[in-house]
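Open the model in a viewer with selection by chain and residue number. The stops below go chain by chain, with a shared core in between.

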Amino acid sequence: MEHGKSMKEGVLLIDKLIFYFQYPFVRYALIVGVLIALCSSLLGVTLVLKRFSFIGDGLSHVAFGAMAVASVLNFTNNMIFILPVTVICAVLLLRTGQNTKIKGDAAVAMISVGALAIGYLLMNLFSTGPNLSGDVCSTLFGSTSILTLTKGQVVLCSVLSVIVVAIFIIFYQKIFCVTFDETFAKATGMKTDFYNLLIAVITAVIIVLAMNLVGSLLISALVIFPALSAMRVYKTFFSVTICSVVLSVLCAVIGILLSILAGTPVGSTIVAIDIVAFMISCAVGKVAGGRA
Amino acid sequence: MKNLKKCMVLLLCILLITGCSNKKGTNGKGVNNTNSIEKVIDNQIANEDGKTETTESEKASSDVESNKDIEDTISGAENVRDTDETVDYDLTQMSSDMVYATVYQMMVTPEEYEGKTFRIDGNFYATYYEATKKYYFYCIIQDATACCAQGMEFIWDDGSHIYPDEYPEDNAEIVVEGTFETYREDGDENLYCRLSDAILQQKN
């Protein structure tokens with residue numbers, strides 16, 4: 001009897017999902033969600049190993065500030081302003097430690113909170129929309145932004161995602177070298193500055209894309225959690241990267257579907273699923289005894 | 001010490017999960033589209049003025065019998081939801097995320113939804129616009145984070161019902177069913193959306 005009831009509920013849920021998938025914006029959300037999760041997890045491993053875990057947070061705040069400026073300037077396509085600004089900041093931040101007076105984490109913290117404060121101030125002073133709190137909430141926490149994407153945004157996101165994945169595959173060996181031993185790589189004649197610049201640019205692109213999915217305050221989770229979860233189970237760079245991608249995409253899909261069905265905020269639901277995945281990975285890692 | 005750590009982790013997880021809860025009942029938050037203290041004060045003053053006007057109009061047109069008729073009309077329409085299955089988009093059967101996204105799409109690409117029938121639920125809200133000297137009626141729909149409310153304008157039946165006598169109170173939970181259409185006001189370039197020929201039901 002109980003089994004029959006749960007079967008019926010399961011069928012109802014599937015029916016509801018099929019019904020929701022008739023709407024184009026739900027299909028767009030899932031496509032973009034998967035692409036963003038894939039890209040962010042690819043680079044997440046590198047960023048975590050290079051001790052740049054917090055850079056995603058800093059850059060997302062920069063993207064928020066840039067978005068506020070773009071809104072005030074009434075740009076029809078915010079992306080043309082947000083993307084270059086975030087890329088420039090990413091380059092500046094990842095180059096810290098090289099003849100800079102303000103070092104590492106201090107520079108990230110300064111740019112992060114500075115951009116957030118200026119962004120909110122500008123939005124408050126020159127608010128263009130009728131619902132400021134809604135705009136800010138939507139940008140910071142993602143809210144339901146992923147469900148309000150246009151076809152153009154989906155195409156742009158797809159193109160950028162393909163470029164990011166292609167760059168990662170083409171320069172996989174170089175990124176691997178720069179990630180583990182930059183000094184040695186430099187000594188062997190590798191142009192480490194160029195590859196660091198490449199990582200900075202890709203990071204910025206992913207951050208700007210991920211703003212739609214989880215909002216600027218939760219982007220770090222999308223970058224860090226899958227990588228850390230994979231590191232609990234696997235030990236080699238390749239296997240960690242593959243596991244990270246699989247986990248990230250899986251969590252994003254489950255999170256999006258769950259939030260659509262339950263009516264919860266998309267971004268925080270995905271991050272909650274990422275946290276659960278991390279806990280499971282920790283348990284699996286302990287049971288497996290850290291097999292390679 | 002280990003137990004303490006486990007408890008702390010558990011507490012943190014509970015806090016994280018509860019932090020994402022869908023907080024309903026923050027009525028008027030979405031309606032309050034203000035961004036400064038000055039605007040909040042202005043709104044409060046405007047609300048007070050509105051109340052005064054309402055009281056005066058109530059004195060002028062107050063009729064106990066007509067009020068009873070109206071209550072009957074609203075409650076009599078309650079059965080519509082159960083019997084009528086002909087609407088194109090029934091937002092009352094969707095999750096809050098889907099409702100928000102659908103209403104957003106209606107506002108962004110209204111041409112795709114024109115002529116379609118909708119059933120929505122939310123909070124009733126009325127506002128008086130000085131330029132057109134008319135009252136406008138909305139069904140306010142909250143989203144999952146309760147911060148991005150959207151209002152869908154509607155015209156109850158043919159628009160002949162008298163406000164405030166025949167309408168529910170502000171923030172009352174309502175169900176509206178009507179045909180989606182766009183329109184422009186005289187001398188105003190903006191395109192507006194609304195549900196016309198709507199059936200209004202007040203939830204208990």
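Begin with chain B. Buried residues account for 25% of its 204 residues. This is a predicted model, so read each stop as a description of a prediction.

**Chain B, overall.** Colour chain B by secondary structure: five helices and six strands should appear. Followed along the sequence, the order is α-α-α-α-β-α-β-β-β-β-β. Of the contacts in chain B between residues at least 6 apart in sequence, 68% link residues at least 24 apart.

**Strand E6 of chain B.** Select residues 192-202 of chain B, which form strand E6. Which strands pair with E6(B), and in what sense? Strand E4, residues 150-156 of chain B, runs parallel to E6(B) and is joined to it by three bridges. To see one pairing on the E4 side, show B:Glu153 with its bridge partner B:Arg194. Strand E5, residues 173-183 of chain B, pairs with E6(B) in the antiparallel sense over nine bridges. For a look at the register here, show B:Thr182 and its bridge partner in E6(B), B:Cys193.

**Helix H5 of chain B.** Next select residues 96-108 of chain B, helix H5. H5(B) has 13 residues and reaches 18 Å from first C-alpha to last, close to the 18 Å expected at 1.5 Å a residue. Which residues of H5(B) are buried? They are B:Ser96, B:Asp97, B:Met98, B:Val99, B:Tyr100, B:Ala101, B:Thr102, B:Val103 and B:Met106.

**The largest nonpolar core.** Now display both chains. The largest nonpolar core has 121 residues, and A:Ala63, A:Ala210 and B:Cys139 have the most contacts inside it. Helix H2 of chain A, residues 24-49, supplies the largest share of this core, 15 residues. As background, nonpolar side chains tend to be buried together in soluble globular proteins.

Centre on B:Cys139. Leaving out neighbours within four places in sequence, B:Cys139 is in contact with B:Ile120, B:Gly122, B:Phe124, B:Met152, B:Phe154, B:Ile174 and B:Val176.

**Chain A, overall.** Hide chain B and colour chain A by secondary structure. Chain A has 13 helices and zero strands. Buried residues make up 47% of the 292 residues in this chain. Contacts in chain A with a separation of 6 or more are, for 73% of them, between residues 24 or more positions apart.

**Helix H3 of chain A.** Select residues 55-72 of chain A. Helix H3 has 18 residues and spans 26 Å from its first C-alpha to its last, close to the 26 Å expected at 1.5 Å a residue. Why is H3(A) largely enclosed by the rest of the structure? Because 15 of the 18 residues of H3(A) are buried. Then go to A:Asn74, which follows H3(A) and has a positive phi, near 60°.

**A:Ser281 in helix H13.** For the last stop, select residues 266-288 of chain A, helix H13, and pick out A:Ser281 within it. Is A:Ser281 buried or exposed? A:Ser281 counts as buried because it has 21 C-beta neighbours inside 10 Å, and the cut-off for buried is 20 or more. Not counting residues up to four places away in sequence, A:Ser281 touches A:Ser229, A:Arg232 and A:Val233. Finish by drawing a distance from A:Ser281 to A:Met231: the two are 50 residues apart in sequence and 8.6 Å apart in space, C-alpha to C-alpha.

How values were computed: Residues numbered from 1 in each chain as written. Chains lettered and ligands numbered in written order. Predicted model: local features only at pLDDT ≥ 70, side-chain atom pairs only at ≥ 80, totals over all residues. Helix = DSSP H or I, 4+ residues; strand = E, 2+ residues; numbered from the N terminus. Buried ≥ 20, exposed ≤ 12 C-beta atoms within 10 Å, placed from the backbone. Contact = placed C-beta atoms within 7 Å. Pairing = 2+ DSSP bridges. Expected span 1.5 Å × (residues − 1). Core = buried A, V, L, I, M, F, W, Y, C linked by C-beta atoms within 7 Å.
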